[in-house]
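Open the model in a viewer and keep the sequence panel beside it. The stops below say what to select and what is there.

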Amino acid sequence: MDSASAVASCVPQKYKQNIKKLHLNLGVLLRVISSTSEINVVELSKLTMETSFIIATEFKWTEINFALHRLLHHSVEEA
């Protein structure tokens, strides 16, 4: 079982697909911002917007902390 599936197995069925997508997106984002290689800023921007949109529309009841806010809303500026 991969880690995204392991995380999704702990949540109600209605959240499983979105949890898997968030887990994968956040993993990619963290690897990208930690990388010393050249990155595609346009694709990074799309991924941060997609991830933020999933949280805002599917998990309206959540509050994101400062670290996640910075990752999703400021990592493109720093790239």
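What percentage of the residues in the protein chain is buried? Of its 79 residues, 27% are buried, where buried means under 20% relative accessible area, exposed over 50%, and partly exposed in between, with a 1.4 Å probe and protein chains only. This is a predicted model, in which local features need pLDDT of at least 70 and side-chain atom pairs count only at pLDDT 80 or more, while totals for chains, interfaces and linings use all residues. Residues are numbered from 1 along each chain as its sequence is written, and side-chain values use heavy atoms, with hydrogens and water left out.

**Whole chain**

Show the chain as a cartoon. The protein chain has four helices and zero strands; both are DSSP runs numbered from the N terminus, helices being H or I with at least four residues and strands E with at least two. The order of elements from the N terminus is α-α-α-α. Along the principal axes, the C-alpha atoms fill a box of roughly 35 × 30 × 20 Å. Take the contacts (heavy atoms within 4.5 Å) between residues at least 6 apart in sequence: 54% of them join residues at least 24 apart.

**Helices α2 and α3**

Select residues 16-34 for helix α2 and residues 41-58 for helix α3. The two pack at an angle of about 145°, and their axes lie 10 Å apart. Axes here are lines fitted to C-alpha atoms, for helices over the stretch in contact, and angles run from 0 to 180 degrees between N-to-C directions. The crossing of α2 and α3 is left-handed, that is, the near helix is turned anticlockwise from the far one by less than a right angle (clockwise would be right-handed).

Now show side chains. On the α2 side, the residues that meet α3 are N18, K21, L22, N25, L26, V28, L29 and V32. Their partners in α3 are L44, L47, T48, E50, T51, I54, I55 and E58. By class, the residues of this contact are nine nonpolar, four polar and three charged. Nonpolar covers Ala, Val, Leu, Ile, Met, Phe, Trp, Tyr, Cys and Pro; charged covers Asp, Glu, Lys and Arg; the others, Gly among them, are polar.

Centre on N25, in helix α2. N25 counts as buried because its relative accessibility is 4%. Beyond its neighbours within four places in sequence, N25 is in contact with L47, E50, T51 and I54.

**Helices α3 and α4**

Add residues 66-78, helix α4. α3 and α4 pack at about 145° with axes 8 Å apart, and their crossing is left-handed. From α3, V41, L44, S45, T48, T51, S52 and I55 meet L68, L71, L72, H73, S75 and V76 of α4. This contact has seven nonpolar, six polar and no charged residues.

Which residues does L72 touch, leaving aside neighbours within four places in sequence? L72 is in contact with L26, L29, T48, T51, S52 and I55. At 5% relative accessibility, L72 is classed as buried. Draw a distance from its C-alpha to that of T48: the two residues are 24 apart in sequence and 5.0 Å apart in space.

Step to S52 in helix α3. S52 is buried at 17% relative accessible area, and its contacts outside four places in sequence are L72 and H73.

Next select I55, also placed in α3. Is I55 buried or exposed? I55 is buried, with a relative accessible area of 13%. With the same exclusion of sequence neighbours within four places, I55 contacts L22, K60, T62, I64, L68 and L72. The C-alpha atoms of I55 and N18 are 8.7 Å apart, with the two positions 37 residues apart in sequence numbering.

**The largest pocket**Finish at the largest pocket, which holds about 170 Å³ of space. A pocket is an open set of points on a 1 Å grid over the protein atoms alone, where a 1.4 Å probe fits and protein lies on both sides within 12 Å along at least five of seven lines; lining residues have an atom within 4 Å of a point. Grid points are joined across faces, edges and corners, and the volume is the space filled by probe spheres set on the points.

Select the lining: V7, I19, L22, H23, L26, I55, F59, W61, T62, E63, I64 and L68. Helix α2 gives the largest share, four residues. By class the lining has nine nonpolar, two polar and one charged residues.

End on V7, in helix α1 (residues 3-8). V7 is partly exposed, at 35% relative accessible area. Not counting residues up to four places away in sequence, V7 touches I19 and H23. The C-alpha atoms of V7 and L26 are separated by 13 Å.
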